[in-house]
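Got your viewer open? Load the model, switch to cartoon, and follow along with the selections below.

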Amino acid sequence: MKKLLFLSVLVLAGCVGRPDNIVPVSHFDTTRYLGKWYEIARLDHSFERGLSQVTADYSLRQDGGLKVLNRGYKDADAKWKEAEGKAYFVDKKDVGYLKVSFFGPFYGSYIVFDLDQKNYSYSMISGPDKSYFWLLSRTPTMDPALQQRLIEKAGGLGFDTSKLIYVKQN
C-alpha cells in the first residue's frame, strides 16, 4: 500500500487547486470534524483499490494541523492497511479547504464541499479534480434516502457517480 500511496501522492504533488463549481463549506468547525469517519462511497484510485471497511480518523497535531489516519481491510491479502498523513488549511480555518500529505512535502486538495452543519453526520469530499470523490459518514451505514440525495448532488456537480464504489463496512 505504501508504494501505491507514494505513487498517488506524486500524482497529486502540488495539486491543491479546486475543481470548477466545487465550493468549500464555510463555518467549518475543526473540533466537530475530528474523530472517526466511515467511507460510504468513493471513486476508484490505486491507493484504495481492493479496500473495504475504510475509515478516516482525524485528530489535532501539535503544529496546528490535523493528523489523518486512513485504514482499510485488503481482502486479497487478508490484512489491514494504514496510511498516516497530515493536513493543513489552505486559507481560513473556518473554511473546509485543506491540503493533505501522506508523503513528505507533496500535498493534494481535500475539499469539504458538503457537510451536515448541524450534526456533522456526513461529509462530501473532493480532491484537486472531479476524479476524486468521497462520501463519508459518522456511522458505517447511511440512511438510503440521504445517501441517494447526496450522490445525486455530486452527480449534478460533475462527479461520475456511475463509477462509485460502495464500500463494504462490517
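Start with strands E1 and E2 in this predicted model: the two run antiparallel, joined by four bridges. To see them face each other, pick Tyr-38, which sits opposite Thr-55 in E2.

Now select E2 by itself, residues 51–60. Seven of its 10 residues are buried, leaving the strand mostly covered. Next, add E3, residues 66–74, which is antiparallel to E2 and linked to it by eight bridges. Ser-59 and Lys-67 in E3 make a good pair to display, as they stand opposite each other. Then zoom in on the turn: E2 and E3 form a hairpin with five residues between them, and Gly-64 in that turn has a positive phi of about 95°.

Back to E1 (residues 35–42) for Arg-42. Is Arg-42 buried or exposed? Its relative accessibility is 2%, so Arg-42 counts as buried. Show its side chain as sticks and look for two polar partners. The side chain of Glu-39 makes a polar contact of 2.5 Å with that of Arg-42, and the backbone oxygen of Leu-51 is 3.2 Å from a polar atom of the Arg-42 side chain. Beyond its sequence neighbours within four places, Arg-42 also has contacts including Val-54, Phe-133, Trp-134 and Ile-165.

Last stop: Met-142, in the loop between strand E8 (133–137) and helix H3 (144–156). Met-142 counts as buried because its relative accessibility is 11%. Draw a distance from its C-alpha to that of Ile-40: you should get 7.6 Å, though the two are 102 residues apart along the chain. Ile-40 is one of the residues Met-142 touches, and others on that list include Tyr-122, Leu-135 and Leu-150.

Technical notes:
Residues are numbered from 1 along each chain as its sequence is written. This is a predicted model: local features need pLDDT of at least 70, side-chain atom pairs count only at pLDDT 80 or more; totals for chains, interfaces and linings use all residues. Side-chain values use heavy atoms; hydrogens and water are left out. Buried means under 20% relative accessible area, exposed over 50%, partly exposed in between (1.4 Å probe, protein chains only). Contact means heavy atoms within 4.5 Å. A polar contact is a pair of N or O atoms within 3.5 Å; within protein, one must be able to donate a hydrogen and the other to accept it, and residues adjacent in sequence count only if both atoms are side-chain atoms. Two strands pair if DSSP finds at least two bridges between them.
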